[in-house]
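Trainee: Before we discuss any labels, could we put the model on screen and go through the reasoning behind each one?

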Amino acid sequence: MQNKFTRNLFFIPYALWIALFVIAPLLLILYYSFFDIEGNFSLINYQKFFTPVYLKMTLSSFWYAFLITLISLLVAYPTAYLLTKTKHKQLWLLLIIVPSWINLLLKAYAFIGIFGTYGVANSFLEVIGIGTQQILFTDFSFIFVSVYIFIPFMILPIFNALDELNPALVYAAKDLGASSWVTFRRVIFPLTIDGVKSGCQVVFIPALSLFMLTRLIAGNRVITLGTAIEQHFLVTQDWGMGSTIAVFLVIIMFLIMLVTGKRKRGV
Amino acid sequence: MRENLSPGSKLLLVVIFLILYAPIFYLIFYSFNSGGNMTNFEGFTLDWYRELFHDTRLLIIVLNTLVIALLSALISTIIGVIGALVIRDLRSRQAKNTILSLNNVLIVSPDVIIGASFLILFTMAGIKLGFYSVLLSHIAFSIPIVVLMVLPKLQEMSPTLIDAARDLGASRFDVLRKVILPYITPGIFAGFFMALTYSLDDFAVTFFVTGNGFSTLSVEIYSLARQGISLNINALSALLFVFTLVLVIVYYFITQRNKPSGMGGKR
């Protein structure tokens with residue numbers, strides 16, 4: 001009896017955390033989404049969400065997140081593959097991860113300098129004869145910097161999946177006459193699809209909700225779901241609308257987790 | 001699997017590493033620029049570092065950030081370890097999976113959602129925005145990662161170890177203190193360091209729940225970066241880079257030491 005009591009006592013801090021910081025915030029967001037800006041109960045936020053303005057924003061946010069995820073994947077997969085073939089691969093992997101531990105804001109700040117009108121990127125363009133371009137505050141700079149930031153998170157799970165792959169399978173495929181491309185398409189890729197999925201998951205969801213990059217790098221030209229939420233909460237103080245967008249973002253998040261499935265995680 | 005890499009592959013890896021590290025070294029390089037901008041390197045100076053160390057406001061912010069990081073990592077490690085112990089003790093698989101999913105909600109949730117929902121939570125609970133709200137949120141989002149770092153260690157531990165200790169007359173508390181905790185120490189350290197880096201890196205959540213009077217480094221860099229370039233930030237980033245490297249090295253050694261899995265491993 002006494003044992004059970006101490007055990008329950010032991011359980012309290014963690015249970016309290018789940019109740020207060022996991023369940024309550026989600027419920028509060030749902031609750032707030034039913035109030036308009038004056039604090040009256042209404043469904044107006046949901047009506048507003050289904051107007052072209054918000055739907056267009058959601059779509060463009062998806063489009064950017066999709067592009068960012070795709071490009072990250074295209075860069076990360078070969079990199080991860082080559083990394084597994086190096087000597088001291090754990091050390092190289094660590095070196096890939098180190099930049100992801102540098103404060104995000106500092107990296108964004110560095111790109112303000114690099115992509116600025118007089119920055120290195122433009123001096124380079126000048127040298128090769130293209131001439132100075134507006135790079136900062138364009139879609140290109142936004143996608144480039146986002147990919148830059150997410151690449152390590154994409155490489156890590158793919159690296160782990162490739163590392164677990166039994167090389168005998170690859171040899172077998174080659175012995176049986178498969179070309180490198182067929183081996184990759186029929187053996188390596190299907191066997192590492194879990195890594196790819198979790199990589200896409202850890203990139204796509206944050207890419208939907210980035211907000212400081214849109215401000216610093218894209219100069220408010222790109223509006224993601226995250227930017228909209230931040231705008232509603234901190235600028236216009238319309239918490240109801242912000243919560244409504246957040247509700248949809250949470251729903252999207254769960255859908256993506258269902259699709260990319262599995263409890264295996266990368267980061 | 002160990003073929004030699006072709007020159008093309010090597011080149012690709014080199015390019016990736018260059019791109020990953022270039023912005024960081026770019027920042028650090030210009031922190032020694034006497035010219036005052038990030039485009040023309042005029043001469044070597046340590047003025048920015050000197051200025052940095054005389055900027056009391058910024059130093060207080062650095063101190064705040066460190067205090068928040070250490071406190072939140074410490075508290076979240078304690079609660080996270082408790083959580084991992086609780087999850088391990090659960091008998092039913094279903095309960096275990098439910099708790100684990102709840103545990104992971106904050107890891108997969110976008111920062112904006114966490115920030116917005118915590119903002120609502122603190123406002124409703126009447127907690128003044130500032131030091132405590134930031135500390136509480138950092139503890140909250142660090143707990144799940146600690147659980148995820150500690151749990152595998154707990155699961156790999158053979159139950160016979162505990163049975164043996166109990167047979168030999170150890171009390172429950174003794175078992176915890178002398179058998180379980182020493183065994184999972186590497187996991188606890190890894191969790192602590194992850195919590196530390198989560199806290200140091202966080203921008204979005206802090207941005208939502210920090211009031212007017214309180215600021216952390218990320219938030220400060222954001223507001224400075226929005227105003228444009230100032231080489232103080234470069235100097236700061238150089239120092240932070242060194243600090244991060246030290247953390248990474250410490251973390252690397254902890255995980256390395258952790259590898260030759262000690263006595264009683266179930267494998």
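**Labels and their grounds**

Mentor: In domain terms, four residues of domain 1 of chain A are in contact with six residues of domain 2 of chain A, and we should keep in mind that this is a predicted model.

Trainee: What makes the side of domain 1 of chain A that touches domain 2 of chain A nonpolar, polar or charged by class?

Mentor: That side has four nonpolar residues, with no polar and no charged residues. As for extent, domain 1 of chain A covers 1-32 and domain 2 covers 45-260, and their C-alpha centres lie 34 Å apart.

Trainee: Why is A:Ser123 called buried, partly exposed or exposed?

Mentor: A residue is called exposed if 12 or fewer other C-beta atoms lie within 10 Å of its own; A:Ser123 has 12 such atoms within 10 Å, and therefore A:Ser123 is exposed. A:Ser123 belongs to helix H6 of chain A, which runs over residues 120-127. Between A:Ser123 and A:Ser243 there are 44 Å in space, C-alpha to C-alpha, for a separation of 120 residues in sequence.

Trainee: How do you know which element gives the most to the side of chain B that touches chain A?

Mentor: The contact takes 61 residues from chain A and 58 residues from chain B. On the side of chain B that touches chain A, helix H1 of chain B (residues 7-30) gives the most, with twelve residues. By class, the residues on that side of chain B divide into 44 nonpolar, nine polar and five charged.

Definitions and conventions: Residues numbered from 1 in each chain as written. Chains lettered and ligands numbered in written order. Predicted model: local features only at pLDDT ≥ 70, side-chain atom pairs only at ≥ 80, totals over all residues. Domains from an automatic or database assignment. Contact = placed C-beta atoms within 7 Å. Nonpolar A, V, L, I, M, F, W, Y, C, P; charged D, E, K, R; others polar. Helix = DSSP H or I, 4+ residues; strand = E, 2+ residues; numbered from the N terminus. Buried ≥ 20, exposed ≤ 12 C-beta atoms within 10 Å, placed from the backbone.
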